[in-house]
Amino acid sequence: MPLPERLTGAVTDDVVDWQHPWWWAVAACRGQEAAWFCPERGQSVATERARVICARCPAADECLAFALTAEPVVVGVWGGTTFQERAEIRRAYRSPTRDAVL
């Protein structure tokens, strides 16, 4: 389930209410300010704070994989990437030239 666009408080089990994958227990974002991970448009400081936390997270790869495959598509910073960056990753993966490079 996508996070609401505007959040207050910490990222907790109550905020993220999908069935928790194993990596949620070790995610560095737990207990952090939720608004950093789902900032309003143009709030680059919040996005950068989230990226710093993601950079030290032991579950960043699993988090990114979740965000890339989640239905419906999730918003905010997941695995150190923004919604737009994940859209670019999905497009590149589906690109016909990807198979030519592999």
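## Exercises on helices α2, α3 and α4 of a predicted model

F83 is in contact with V73, V74, V75 and G76 when residues up to four places away in sequence are not counted. The structure is a predicted model. The exercises below begin with this residue.

**Exercise 1.** Determine in which helix F83 lies, and whether F83 counts as buried, partly exposed or exposed.

*Solution.*
- Step 1. F83 belongs to helix α4, a helix that comprises residues 83-94.
- Step 2. The relative accessibility of F83 is 36%. Buried requires under 20% and exposed over 50%.
- Step 3. F83 is therefore classed as partly exposed.
- Step 4. For one of its contacts, V73, the separation from F83 is ten residues in sequence and 8.7 Å in space, taken C-alpha to C-alpha.

**Exercise 2.** Establish whether the length of α2 agrees with the span expected at 1.5 Å a residue, and locate the buried residues of this helix.

*Solution.*
- Step 1. Helix α2 covers residues 44-55. Its twelve residues should span 16 Å.
- Step 2. The end C-alpha atoms of α2 are 16 Å apart, so the two values agree.
- Step 3. The buried residues of α2 are A46, T47, A50, I53 and C54. Because these residues cover an arc of only 120° around the axis, they lie on the same side of α2.
- Step 4. That buried side packs against α1 (34-37) and α3. On the face turned away from the buried side, α2 carries the exposed residues V45, V52 and A55.

**Exercise 3.** Classify T47 by its accessibility and list its contacts beyond four places in sequence.

*Solution.*
- Step 1. T47 is located in α2.
- Step 2. With a relative accessible area of 13%, T47 falls under the 20% cut-off and is therefore buried.
- Step 3. Leaving aside neighbours within four places in sequence, T47 touches W36, P39, V77 and T82.

**Exercise 4.** Describe the arrangement of α3 and α4, and identify the residues that form their contact.

*Solution.*
- Step 1. Two packed helices are described by the angle between their axes and the distance between the axes.
- Step 2. The axes of α3 (residues 60-69) and α4 (residues 83-94) come within 10 Å and cross at roughly 75°. This angle makes α3 roughly perpendicular to α4, since the class runs from 65 to 115 degrees.
- Step 3. Helix α3 contributes L64, A67 and L68 to the contact, and α4 contributes R86, I89 and R90.
- Step 4. By class, this contact contains four nonpolar residues, two charged residues and no polar residues.

Key:
Residues numbered from 1 in each chain as written. Predicted model: local features only at pLDDT ≥ 70, side-chain atom pairs only at ≥ 80, totals over all residues. Heavy atoms only, no water. Axes fitted to C-alpha atoms, helices over the stretch in contact; angles between N-to-C directions. Helix = DSSP H or I, 4+ residues; strand = E, 2+ residues; numbered from the N terminus. Parallel < 35°, antiparallel > 145°, perpendicular 65-115°, else oblique. Contact = heavy atoms within 4.5 Å. Nonpolar A, V, L, I, M, F, W, Y, C, P; charged D, E, K, R; others polar. Buried < 20%, exposed > 50% of the residue type's maximum accessible area, 1.4 Å probe, protein only. Expected span 1.5 Å × (residues − 1). Arc of directions from axis to C-beta.
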